[in-house]
Each structure stands twice: as structure tokens, then as C-alpha cells.
Amino acid sequence: ENLGLGSSARTPTSQSNHPPTKETMAFVKLVKNDAHFKRFQTKYRRRREGKTDYRARKRLITQDKNKYNTPKYRMIVRTSNRYVTCQIAHATIKGDMILSQAHSKELLKYGLPGHFGLKNWTACYATGLLLARRVLKKLGLDEIYEGQTEVDGEDYSVEDVDDKPRPFSVCLDVGLATTSTGAKVFGALKGALDGGLRIPHSVRRWPAGEKDQI
């Protein structure tokens with residue numbers, strides 16, 4: 001007697017006579033298995049945070065063995081959303097030691113109007129110039145190397161003075177900044193050069209620089 005369950009409830013289907021089949025799938029290699037995570041080595045913290053290029057840092061701080069413990073100074077230029085910071089530092093086992101620094105916020109004391117901007121190309125130039133004069137005064141070289149005294153915009157490189165200490169030499173450290181033509185980090189470089197520091201450089205990446213320039 002049909003109890004209202006329909007014909008499907010009374011008549012068994014043809015599939016019920018066969019055992020269920022297991023679906024097959026293609027072979028997939030498990031790449032990140034237990035062996036992968038056991039030999040995984042975490043990167044340095046500042047690399048994970050995206051703050052330090054250790055490949056560039058290694059080449060900036062490596063000193064020749066025959067120079068023993070002589071500090072290898074570098075000029076660090078960093079820009080934030082509002083300001084620019086320039087530092088003279090050298091690396092040690094304990095960490096970087098700062099010899100001198102300058103901040104673009106200090107430019108307000110020297111007459112630069114605040115509404116003018118404290119992170120543009122001009123502010124970077126003034127900050128680099130302030131850093132150069134400050135570190136030379138700290139080392140007692142400010143009267144020997146006065147820097148660029150003529151405002152002509154041309155490239156300036158400090159020259160040795162007979163029977164006097166040699167110019168203070170540093171390398172430019174731009175960090176993760178893109179070194180494109182006219183970048184602001186080169187404004188700080190130009191200011192430091194005009195201030196009397198010796199920095200290996202090329203005018204190719206300055207504003208309006210050309211590729212054929214050395």
C-alpha cells in the first residue's frame with residue numbers, strides 16, 4: 001500500500017545495487033611540509049619590517065682589514081612624511097654610533113619659513129649643509145674647510161690644504177630610497193658637499209642631469 005511516500009520510496013534505484021565509488025584526483029606535491037618548516041630561517045627583524053637593505057648596508061660598513069678599527073663614516077639621509085633627517089654615523093659591534101646629526105625642523109631657527117616646507121629639495125639641501133658645518137665644527141675643521149662660498153650652483157668638491165688635516169670623508173647612505181634623477185636625497189648630498197664634506201658622487205642624478213655626465 002502506498003503511504004504517500006512516492007514511487008521512489010517503493011522502488012530501489014539501480015545505483016543502490018553497487019558499492020559507492022571513491023573519487024580519484026591528480027597527484028599534488030605538498031611543497032611546504034614539515035621538513036620545509038624545520039629548515040626555514042627567519043630574516044632579520046629590520047628586513048621583515050622593510051626598513052634595512054642589508055645587501056647595501058654590508059657594502060657600506062665593510063672596512064679594509066689593514067685599516068684595523070678605523071671608523072668608516074657614512075652620511076645617512078632619511079625622509080619622513082614631514083621632515084628630513086641627516087646623520088653622520090659609523091658601525092660598531094654594539095650598533096651604529098652617531099657622530100652628528102641635523103633635522104629639518106631646526107631650519108626654523110635659521111630663518112626658513114615653516115610654510116615653505118621641511119621635506120622638499122631645498123629643505124634637504126639646507127639640512128645637509130647644516131650637518132656638514134656642524135660636524136666640521138665638532139672636529140675642528142670648520143675654519144680650514146669653509147666649503148662653497150660662491151652661490152653658482154656648480155659642482156663643488158673640497159680640496160686638500162697643505163700641512164693641514166685632510167677633509168672629512170663620508171659615503172652617502174640613502175637606505176631604501178629610489179635614486180632617480182632629481183631625488184631629494186641628492187639635495188642633501190649637494191648641501192653636504194657645499195658645506196665642506198668629501199663625498200664620492202656623480203652629478204648624473206642631480207636635477208636636469210644627463211646620462212653622459214660622469
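How many Å should the 19 residues of helix α5 span at 1.5 Å a residue, and how far apart are its end C-alpha atoms? The legends below take up this question and then turn to other close-up views of the structure, which is a predicted model.

**View 1. Helix α5, from residue 121 to residue 139.** Counted at 1.5 Å a residue, the 19 residues of helix α5 should span 27 Å, and the C-alpha atoms at its ends are 27 Å apart, so expectation and model agree. Buried residues of this helix are Ala123, Cys124, Thr127, Gly128, Leu130, Leu131, Ala132, Val135 and Leu136, and the partners against which these buried residues pack are the strands β1 (74-79), β2 (84-91) and β3 (96-103) together with helix α6 (184-195). After α5 comes glycine 140, which has a positive phi, near 75°.

**View 2. Threonine 127 and its contacts in helix α5.** Threonine 127, which belongs to helix α5, has a relative accessibility of 0%, and because buried means under 20%, threonine 127 counts as buried. When residues up to four places away in sequence are left out, threonine 127 touches Val84, Cys86, Ala102, His103, Ser104 and Leu107.

**View 3. The hairpins that link β1 to β2 and β2 to β3.** Strands β1 and β2 run antiparallel and are joined by six bridges, with arginine 78 standing opposite threonine 85 of β2, and a hairpin of four residues leads from β1 to β2. Strands β2 and β3 also run antiparallel, joined by seven bridges, and here alanine 89 has isoleucine 98 of β3 as its bridge partner. Four residues lie between β2 and β3 in their hairpin, and in this turn glycine 95 has a positive phi of about 140°.

**View 4. The open sheet of four strands and the helices that pack on it.** The strands of the open sheet follow the order β3-β2-β1-β4, and their pairing is mixed. Because β3 and β4 (171-173) stand at the edges and each has a single partner strand, one side of each is left without a neighbour in the sheet. From one strand to the next, the twist averages 25°. Helix α5 lies across β1, β2 and β3 and runs at about 125° to β3, while helix α6 packs on the sheet, where α6 touches β1, β2 and β4 and has a direction that makes about 140° with that of β1.

**View 5. The largest pocket and its lining.** The largest pocket has a volume of about 360 Å³, and 14 residues line this pocket, of which Arg46, Thr52, Arg57, Arg74 and Arg78 are the closest to its centre. Two elements, α4 (54-61) and β1, give two or more residues to the lining, and α4 gives the most, with five residues. Arg78, one of the residues closest to the centre of the pocket, is also the arginine that stands opposite threonine 85 in β2.

Conventions
Residues are numbered from 1 along each chain as its sequence is written. This is a predicted model: local features need pLDDT of at least 70, side-chain atom pairs count only at pLDDT 80 or more; totals for chains, interfaces and linings use all residues. Side-chain values use heavy atoms; hydrogens and water are left out. The expected span of a helix is 1.5 Å times one less than its number of residues. Buried means under 20% relative accessible area, exposed over 50%, partly exposed in between (1.4 Å probe, protein chains only). Contact means heavy atoms within 4.5 Å. Two strands pair if DSSP finds at least two bridges between them. Axes are lines fitted to C-alpha atoms, for helices over the stretch in contact, and angles run from 0 to 180 degrees between N-to-C directions. On a 1 Å grid over the protein atoms alone, a cavity is a set of points where a 1.4 Å probe fits but cannot get out, and a pocket is an open set with protein on both sides within 12 Å along at least five of seven lines; lining residues have an atom within 4 Å of a point. Grid points are joined across faces, edges and corners, and a volume is the space filled by probe spheres set on the points.
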